Each structure stands twice: as C-alpha cells, then as structure tokens.
Amino acid sequence: MNRVVRTLSAAVLFSVVMLGVSGCKGGAPSGGATGKPAALADAPDVTFKDLQGKDVTLSSFKGKVVLVNFWGTWCEPCRGEIPILIAMQQKYGPQGFTLLGAATNDEEKNVDSFIHTTQFNVGGQEMLMNYPIVMGSDDISTKFGGLLGMPTSYLITRDGKIAKRYIGSLNENQIVKDVEGQL
Amino acid sequence: MKPSIRFASVFALSVVLLIANARVAWAQETAAVPPKASDIVSTHSYVSLDPVPRGKEFQAAIVVKIATGYHMNSHKPSDSYLIPTTLTPQLPAGFALAEAIYPAGRNEKFPFSPDKPLNVYSGSVTLRLRLTAQDGAALGATTIPVTLRFQACNNSACLPPVKVPVSLQVQVVAAGAASHPMHPEIFSEKPTS
C-alpha cells in the first residue's frame, strides 16, 4: 500500500510539475510570441556596427540587462512599440538596463535620419529614441537563430544569457515584468 | 475503489493531461512561428494573347495569392517609409513595357496600428503589365522574367522585404499573324489602379 501511495504521489507530482512548466511556455501574451530558444541559452558573440561604422560588441554590455530589439524603419509594428522602449530606457536605464536597437533590412542613411528626426509620444511628451542604435545584418540574425519576424527582441541577462525571445509586437506589461525580474 | 485501480485511474488521467497540454503548447509555439516571406504567396502568370504578333500590345497578369492572416503593402502604401509592392520585368531584347498596373489597396487597421489604417493587399490580387513585342523580338517561345517585390506582415510581426521571381511564357510570331485572346476571365476586366 505504501508503495502504491508513493508511486501515485510521484506520478501526480510529476504531472503537476510538467504541467506547470509547459503551462508557462504556452502562456505567451497575445501580440507577442515568447519562449526560451533552447539552442540559444548563451547570447551569441556578435559585433554590430554603429551608425558611425564603429564596432559594438554585444559582450561589451555584459553586466547590464539588455533588450536587443531587431527593428526596421519600414516596419510598422516596430515603430509602434518604440514609445514603450523609450519609456523603458528612461525608467530602467539607471538600474543597469539598456535597449539595443538593431536596425535590420534597412539602410544606414534611413536609420540615421529616422533616429534624429522622428519624435514619439511617450506619456504625452515628444521624444526621440534615447537608446543605442546599431545596424543588424543577416549574419547577426543567423547567429541569433534567424529572425522569424520583425520586431523580434531578445532579453539578455547580466551574465550574457538569453532569458527570453519575443517575436512580434511586445506586450508592454509582459516585457516590463520580465525586465524587472532581471534587475 | 481498490487502491490499485485508483492508482491506475489517476496515473492514466495524468498521462492524458500531460499529452493534451503538450499538444496545446506545441500548437501555440508552432502557430507563433511565421513562415518565410516567399512562402506566404503563390503566384500564377497569364498572358492575354497566344501567340503574340510582333507590333501588337498584349498584357500579362500576375495573380498573387496571399496566405490567410497576412497582408502586404499595396503599390501605394499609406506612408513613404513603407515598402510598396512592385513588379519589375527583365525584358528581353525587342520587348517594351508600356505600363505596370496595380490595383488600389484596401485601408485596414491592425492591432499594431489601431489608429492609422494601412493601405494593403490581402487575399488575392492581380497585377498587370502592358507589353509589346516589337519588330526586334525573337520569333518563337520566349520567357520574360519578372520580379515581384513585396513586404508582408501579419497582425503582430512583419517579414523582411523579399523578391520573388515569376516568369511569363510568350510565343512570338510575325506581325499580322493570327492570334487568340486568352484568359478573358482575367483580361476582360478593366484594370483599376
């Protein structure tokens, strides 16, 4: 009898644990698919170019929580989430967080003009993008496992691990919760 | 109920729940993965005359079917920064392009642009080219390569702009030779742009 009870308890416990794990995975917020990319536990060792052509390595941000946001000036949902990103940079930047906007499938001159001229309404205030912008590339996208849509964002921990991937428009509540969880 | 039967029942239920949940999680993950941009359209090309006599204008139509849940910017998108749908023929010697004709898009709102409607194509769209085989066009079967460029999105994410090759097959004959109108279901409709 004791053995039966023990086995039964183990089976139920196993089920509950497994359901909990997969339930978290399936609980993606609407408007943005999320998940831990199994093959990308470590952030790739990539080098972006900034708009002056200088190298910017992802590893240079080690020690900070980084949200790498692949975006494009041609991408309407990417533009739509920029006010959220500006507000996050403003609020969490002093706490060791940074956005890194990687413009992809775009031309440097378009991006340069965009970031210096396009104002976004952030809480009633007109603001320019306030976080570092670099140029993405197919090679960099491939090192992240390939972009499946834009925007795509990767939340990277202080020690350089990919905590989460977000495909599509960010859910503001979810990303704020996730970033706060890393700070 | 005997303990052994109770155990078996609970165990079986646990397994069923696990499988069901795994299937739901898998379906959500799968549904979240957008396809390649080139995979969300299928194209069929049609030519209005067969054969095409030298000196006579003809039309080509590219019917683009866009996967359910996706849309692409129209030829005249709502904003200058959006990438328009274009059709670019690589004309062999002796062919001339008179005009590319794009239908008007539809203004639609999306979750990522709730206040500003975007001018898009969705479902099926027919793009046309007005062409002429001139005197210098080679007689016989000719393939005209055409590049369809578009940038597509679903309700949450956009796919990078992509170029999809399409080809037109035409049979060129001497000026004045007999030819037959083809595909009236497509070409009898007046193009709108």
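This dialogue goes through the disulfides and one glutamine of the structure above.

Me: What kind of model is this, and how are residues and chains labelled?
Reply: This is a predicted model, in which local features need pLDDT of at least 70 and side-chain atom pairs count only at pLDDT 80 or more, while totals for chains, interfaces and linings use all residues. Residues are numbered from 1 along each chain as its sequence is written, chains are lettered from A and ligands numbered from 1 in the order in which they are written, and side-chain values use heavy atoms, with hydrogens and water left out.

Me: How many disulfides are there over all chains?
Reply: A disulfide is a covalent bond between the sulfur atoms of two cysteines. Here the term is applied to a pair of cysteine sulfur atoms within 2.5 Å, and the count comes to two over all chains. One links A:Cys75 and A:Cys78, with the sulfur atoms 2.2 Å apart, and it is right-handed because the torsion about the S-S bond is about 75°. In chain B, B:Cys153 is joined to B:Cys158 at an S to S distance of 2.1 Å, and this link, with 90° about the S-S bond, is right-handed.

Me: Are A:Cys75 and B:Cys153 buried or exposed?
Reply: Buried means under 20% relative accessible area, exposed over 50%, and partly exposed in between (1.4 Å probe, protein chains only). A:Cys75 counts as buried because its relative accessibility is 0%, and both B:Cys153 and B:Cys158 are buried.

Me: Which residues is A:Gln182 in contact with?
Reply: Contact means heavy atoms within 4.5 Å. Leaving aside neighbours within four places in sequence, A:Gln182 touches residues including A:Val65, A:Leu155 and A:Arg158; at 27% relative accessibility, A:Gln182 is partly exposed.
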